[in-house]
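Here is a short tour of the structure shown below. Have a look around first, and then let's start from a single side chain and work outwards.

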Amino acid sequence: MSHPAMLVVVFVALQHLGFLVLEMFLWTKPAGLRAFRLTPEFAAQSRALAANQGLYNGFLAAGLIYGLCVQSREIVLLFLAFVIVAGAYGAATVNKRIFFLQALPAMAAAMLVSWR
């Protein structure tokens, strides 16, 4: 795997670690309210759902990091595919900007990882 490919994969993994922090720990705090454009009432009601979603984002990051550590193109591509599907679904069901924040960087990473 090339260095540029690895850098973009690391970027995607770091994004998902950031999502984990926002969703699990900052959901009801000013940073979380701003990032997700939430009211304090809605954030309080949906806190447990957000924490669960954050945990899944952590799993995506862990899979990408693991794939890089064991130098497995297949594992990295599998977890990038998960990110792309999650980003596309989020864009279709929640907000179109999710595609650009989540799916598009993962697609770029997948293209670089696949390129031999």
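## One leucine

This is a predicted model, and a good place to begin is Leu17. Its relative accessibility is 33%, which lies between the 20% limit for buried and the 50% limit for exposed, so Leu17 counts as partly exposed. In the secondary structure, Leu17 belongs to helix H1.

## The patch around it

Which residues join Leu17 in a nonpolar patch on the surface? They are Val10, Leu14 and Ile65, and together the four residues offer about 300 Å² of accessible area. Helix H1, which covers residues 3-24, supplies the largest share of this patch, with 3 residues.

## The fold as a whole

Stepping back, the chain has 6 helices and 0 strands, which reads along the sequence as α-α-α-α-α-α. The chain is as compact as a globular protein of its length, because its radius of gyration of 15 Å is close to the 13 Å that the globule rule gives for 116 residues. The C-alpha trace spans about 50 × 25 × 20 Å along its principal axes.

## Inside and outside

How much of the chain is buried? Buried residues account for 36% of the 116 residues. Taking contacts between residues at least 6 apart in sequence, 57% of them link residues at least 24 apart.

On the outside, the chain has an accessible surface of about 7,100 Å². Carbon and sulfur atoms hold 72% of that surface, and the patch with Leu17 is one nonpolar spot to look for on it.

Note on methods. Residues numbered from 1 in each chain as written. Predicted model: local features only at pLDDT ≥ 70, side-chain atom pairs only at ≥ 80, totals over all residues. Heavy atoms only, no water. Patch = residues over 30% accessible without salt bridge, like charges linked within 9 Å, V, L, I, M, F, W, Y side chains within 5 Å. Areas by Shrake-Rupley, 256 points an atom, 1.4 Å probe, with all protein chains shown as cover. Salt bridge = Lys/Arg side-chain N within 4 Å of Asp/Glu carboxyl O. Helix = DSSP H or I, 4+ residues; strand = E, 2+ residues; numbered from the N terminus. Buried < 20%, exposed > 50% of the residue type's maximum accessible area, 1.4 Å probe, protein only. Rg over C-alpha atoms; globule rule 2.2 N^0.38 Å. Contact = heavy atoms within 4.5 Å.
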